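Subject: Structure handover and notes

Dear colleague,

I am passing on the structure we spoke about, together with some notes on what was found in it. Please look through the sequence and the model before reading on.

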Amino acid sequence: SRIGSTCEEAGYHHSRLTIDDDLLSEAGVEVGLGQIREAAGYNSSLAWLSLPCTGGTPWSNYNRTLEGGEELHKQHIDTFGLLGANARILCQEARRLGVKIAFELSERCSLWNSDLVWQLCEEFGLLSVAVPGCSVGLKAKQKKFFGLPIRKGWKVATDSVCLIDQL
């Protein structure tokens with residue numbers, strides 16, 4: 001996402017791990033571990049995870065009322081749990097190697113209140129900060145509003161005081 005570019009502005013070499021890395025697979029976890037090990041060779045490095053908020057979006061409650069919506073919601077929550085378990089493995093390696101940790105979700109994502117996220121934040125001493133999209137240059141792409149700043153909020157949990165200050 002756009003917010004990940006903030007890492008470079010804060011002076012970090014960083015690795016971003018997203019859906020493209022397929023962190024549900026063993027191979028994806030190995031890619032992530034490799035990126036973290038590579039990043040550990042730099043003075044300042046950050047492992048940035050972008051987890052999907054699909055099961056926790058404000059729309060998810062409405063979508064659950066639709067036919068098949070409850071089952072789909074359960075699948076999204078289960079996927080988030082599997083990703084979270086693998087994210088924990090990556091965070092453990094980052095911590096062991098002295099690589100800072102950050103992960104993002106939409107600010108309005110109800111998964112911030114999940115046991116998984118609370119446990120990750122507690123286990124790794126992560127603090128969260130809310131970031132309006134307009135503060136990192138997010139702009140509308142729709143013709144009617146093209147180029148106008150968008151407030152869409154993110155929330156980032158990190159153990160990097162420098163990143164918190166930058167955000």
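The notes below go from the overall architecture to the cores, the salt bridges and a few single residues.

Please keep in mind throughout that this is a predicted model.

Overall architecture

The protein chain has six helices and five strands, and when these are read along the sequence they follow the pattern α-β-α-β-α-α-β-α-β-β-α. Of its 167 residues, 41% count as buried, while the chain exposes about 9,400 Å², of which carbon and sulfur atoms supply 53%. If one takes the contacts with a separation of 6 or more, 71% of them are accounted for by residues 24 or more positions apart.

The nonpolar cores

The largest nonpolar core has 28 residues, and among these Leu49, Phe103 and Leu105 touch the most other members. At least two residues of this core are supplied by each of α2 (26-39), β2 (45-50), α4 (69-97), β3 (100-106) and α5 (115-124), and α4 gives the most, with six residues.

Phenylalanine 103 is a good residue to display when you look at this region. Leaving aside residues up to four places away in sequence, phenylalanine 103 touches Leu49, Leu51, Trp112, Val117, Cys121, Leu126, Lys155, Val156 and Ala157. Apart from the largest core lies another core, of 10 residues, which includes Leu46, Val129, Val156 and Leu163.

Salt bridges

The count of salt bridges comes to six, and three of the pairs are described here.

In one of them, the side chains of arginine 37 and glutamate 93 meet with an N to O distance of 2.9 Å. This pair links distant parts of the chain, since arginine 37 lies in helix α2 and glutamate 93 in helix α4, 56 residues apart. As for their surroundings, arginine 37 counts as partly exposed at 43% relative accessibility, whereas glutamate 93 is buried, with a relative accessible area of 9%. Arg37 and Glu93 also belong, with Arg96, to a network of linked salt bridges.

Another pair is formed by glutamate 70 and arginine 64, whose closest N and O atoms are 2.9 Å apart. Here glutamate 70 counts as partly exposed at 42% relative accessibility, and arginine 64 is likewise partly exposed, with a relative accessible area of 30%.

A further salt bridge joins lysine 74 to aspartate 78, with the closest N and O atoms 2.8 Å apart. How are these two placed in helix α4, about one helical turn apart or otherwise? Because lysine 74 and aspartate 78 are four residues apart in helix α4, about one helical turn separates them. Lysine 74 is partly exposed, with a relative accessible area of 43%, and aspartate 78 counts as partly exposed too, at 39% relative accessibility.

A surface patch

Turning to the surface, Trp59, Tyr62 and Leu66 make a nonpolar patch of about 370 Å². Tyrosine 62, one of these residues, lies in helix α3 (residues 60-63). Its relative accessible area is 46%, so tyrosine 62 is classed as partly exposed, a term that covers values between the 20% limit for buried and the 50% limit for exposed.

Two buried residues

Is serine 45 buried or exposed? Serine 45 has a relative accessibility of 5% and therefore counts as buried, the cut-off being under 20%. This residue lies in strand β2, and a polar atom of the serine 45 side chain is 3.1 Å from the backbone oxygen of alanine 39.

Valine 136 is found in the loop between β4 (127-132) and β5 (153-158). Although valine 136 sits in a loop, this residue counts as buried, at 12% relative accessibility. The C-alpha atom of valine 136 is separated by 9.8 Å from the C-alpha atom of arginine 151, and the two residues are 15 apart along the chain.

With best regards

Methods
Residues are numbered from 1 along each chain as its sequence is written. This is a predicted model: local features need pLDDT of at least 70, side-chain atom pairs count only at pLDDT 80 or more; totals for chains, interfaces and linings use all residues. Side-chain values use heavy atoms; hydrogens and water are left out. Patches are made of residues with over 30% relative accessible area and no salt bridge: like charges are joined within 9 Å, nonpolar side chains (Val, Leu, Ile, Met, Phe, Trp, Tyr) within 5 Å. Accessible areas come from the Shrake-Rupley method with a 1.4 Å probe; for residues, only the protein chains shown count as cover. A salt bridge is a side-chain nitrogen of Lys or Arg within 4 Å of a carboxyl oxygen of Asp or Glu. Buried means under 20% relative accessible area, exposed over 50%, partly exposed in between (1.4 Å probe, protein chains only). A nonpolar core is a set of buried Ala, Val, Leu, Ile, Met, Phe, Trp, Tyr and Cys residues joined through side-chain atoms within 4.5 Å. Contact means heavy atoms within 4.5 Å. A polar contact is a pair of N or O atoms within 3.5 Å; within protein, one must be able to donate a hydrogen and the other to accept it, and residues adjacent in sequence count only if both atoms are side-chain atoms.
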